[in-house]
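This report describes selected parts of one structure for a reader who has not seen it before. It begins with a pair of helices and then turns to single residues.

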Amino acid sequence: MDSYLLRLTTTLADGLARQPQAFRRRHAKYVRACQNADGGFGGRDPASDLYYTAFGLRGLALLGELTPDVAERASGYLRQRLQGSATAVDFFSLLYASALVQMGSGIDVLSDAPADWPERVATLLASFRTFDGGYGKAPNSPFGSTYHTFLVALCYELLGRALPEAAAVAEFIRSRRREDGGFVEMKQMKRSGANPTAAAVGTLQLAGSLDHETKTGVVNMIGGLQSPEGGLMANSRIPLADLLSTFTGCWTLQECGGLDRIDRSEVMRYVKTLERPEGGFHGGSWDSGFDVEYTFYGLGAVGLLG
C-alpha cells in the first residue's frame, strides 16, 4: 500500500470503527452481496468490472470486513484481468484491488504474472505521458487530464516506484489552477470543480509539491461549495449536491487543514439522507439507484465526519 492510500484507508476505517455495529453490518452485508460468482463486483450493471471490484473491496476494507474468503474469491477474478485493457482507471483499479486482496488474505495476485510485469506496467504508464507534462487516459492521449494524472501517480506508488519527473507533473497540475483557488480537469475549462481539485491536491501531495498557498486557495474554493442540502456541489454552477463531490471535497479539506470551513453536522445529515435502510447509498437526492462506488463515498464521508 502506498502512503497516500494507506492514510486515506486508515483514517476512514478508524472513523467507521466508532459507528454503531448495526450500521457497519448492514453496509457490509450489502457490499458482500454485490460480489459475483467469478469473484468480481458489479455496479448498476451487475456484471463484474475492475472499477467496481476495487470499490467493493475498498468498502469492505473500511468496514473491517475484507475477509479471507471474499479476498480469495476476488483474487481469481483479478488474475483473469492481468492482461486486460490498458487504461489508467483499469491499472489503478487492478493494482489497488490486488493490494487489498493481499492485505485481506495474504494472496499475491501477481504471483502468476511474468517476473517483469511491474516493469511492463511502468513502461506502459510512461506511454500515457502527454506533451503538456501530464498523463492521459490511455497511451498516446493528445492532452493531459488532471484526474488521470492523479491515477497514474497512484499507480507508480502502488508499484513502489517514484513518480517520473515529479516537478514537471506538479507544474502541469499548477497550470490547471484557476483564480478561485480550485482546479479544472481539462485546460480549456474555466470553472474549477470539487473533484478535479481533489485530484490536483492528491497529485501535488504525491509529487511533494503541495504548498501553503495552494492549500489556502483550495480550502476557500471547496468551502464555498456547500449547498442548502448540506452536501457539497461539484462546482458553483451545479444546483444540487452529490455524494462523490461531498466525499472528495471533505477529504481534500481534511488534507489541507480546512475541514472546519464547512458545517460538518449538515454534511453528515445530508449523507445520512442518502443511506438505504438495507445498506448502500444513493449518489444524491436526484438518484434512485445505488452501487458499491457510491456506498464507498457514503461510508468514507461518515468515517471522516463521524
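In this predicted model, helix H11 (residues 243–255) packs against helix H12 (residues 264–273) at an angle of about 145 degrees, and the two axes are 11 Å apart. The crossing of H11 and H12 is left-handed. On the H11 side the contact is made by Leu243, Thr246 and Cys250, which meet Val267, Tyr270 and Val271 in H12. By type, the residues of this contact are five nonpolar, one polar and no charged.

**Helix H11**

H11 has 13 residues, for which a span of 18 Å is expected at 1.5 Å a residue; the end C-alpha atoms of H11 are 18 Å apart, which agrees. How much of H11 is buried? Eleven of its 13 residues are buried, so H11 is largely enclosed by the rest of the structure. Among the buried residues of H11 are Phe247, Trp251 and Leu253, and the list also includes Gly249 and Glu255. Two of the residues that meet H12, Thr246 and Cys250, are on the list of buried residues as well. The cover over these buried residues includes helix H1 (3–16), helix H9 (194–206), helix H10 (212–223), H12 and helix H13 (292–305).

Both ends of H11 have a local feature to look at. At the start, a side-chain oxygen of Asp242 reaches to within 3.1 Å of the backbone nitrogen of Leu244. After H11 comes Gly257, which has a positive phi, near 75 degrees.

**Single residues elsewhere**

Ser75 belongs to helix H4 (residues 68–80). Is Ser75 buried or exposed? Its relative accessibility is 3%, and because buried means under 20%, Ser75 counts as buried. Beyond its neighbours within four places in sequence, Ser75 is in contact with Val101, Ile107 and Val109. The side chain of Ser75 also reaches the backbone oxygen of Glu72.

Gln35 lies in the loop between helix H2 (21–33) and helix H3 (50–62). With a relative accessibility of 7%, Gln35 counts as buried. What does Gln35 touch, leaving aside neighbours within four places in sequence? Its contacts are Gly40, Phe41, Val70, Arg73 and Ala74. With one of these, Arg73, Gln35 makes a polar contact between side chains.

Leu124 is part of helix H6 (residues 117–126). This residue is partly exposed, with a relative accessible area of 27%. Not counting residues up to four places away in sequence, Leu124 touches Ala86, Phe91 and Pro139. Leu124 and Ala86 are 38 residues apart along the chain, and their C-alpha atoms are separated by 8.1 Å.

Arg178 sits in the loop between helix H8 (166–174) and H9. Leaving aside neighbours within four places in sequence, Arg178 is in contact with Val184, Met186, Lys187, Met189, Lys190 and Ser192. One of these residues, Lys187, offers its backbone oxygen to the reach of the Arg178 side chain. The C-alpha atoms of Arg178 and Gly217 are separated by 9.6 Å, with their positions 39 residues apart along the chain.

The side-chain distances for three of these residues are listed below.

| Side chain | Reaches | Distance |
|---|---|---|
| Ser75 | backbone oxygen of Glu72 | 2.5 Å |
| Gln35 | side chain of Arg73 | 3.2 Å |
| Arg178 | backbone oxygen of Lys187 | 2.9 Å |

Terms used: Residues are numbered from 1 along each chain as its sequence is written. This is a predicted model: local features need pLDDT of at least 70, side-chain atom pairs count only at pLDDT 80 or more; totals for chains, interfaces and linings use all residues. Side-chain values use heavy atoms; hydrogens and water are left out. Axes are lines fitted to C-alpha atoms, for helices over the stretch in contact, and angles run from 0 to 180 degrees between N-to-C directions. Helices (H or I, at least four residues) and strands (E, at least two) are DSSP runs, numbered from the N terminus. A crossing is left-handed if the near helix is turned anticlockwise from the far one by less than a right angle, and right-handed if clockwise. Contact means heavy atoms within 4.5 Å. Ala, Val, Leu, Ile, Met, Phe, Trp, Tyr, Cys and Pro count as nonpolar, Asp, Glu, Lys and Arg as charged, and the others, Gly among them, as polar. Buried means under 20% relative accessible area, exposed over 50%, partly exposed in between (1.4 Å probe, protein chains only). A polar contact is a pair of N or O atoms within 3.5 Å; within protein, one must be able to donate a hydrogen and the other to accept it, and residues adjacent in sequence count only if both atoms are side-chain atoms. The expected span of a helix is 1.5 Å times one less than its number of residues.
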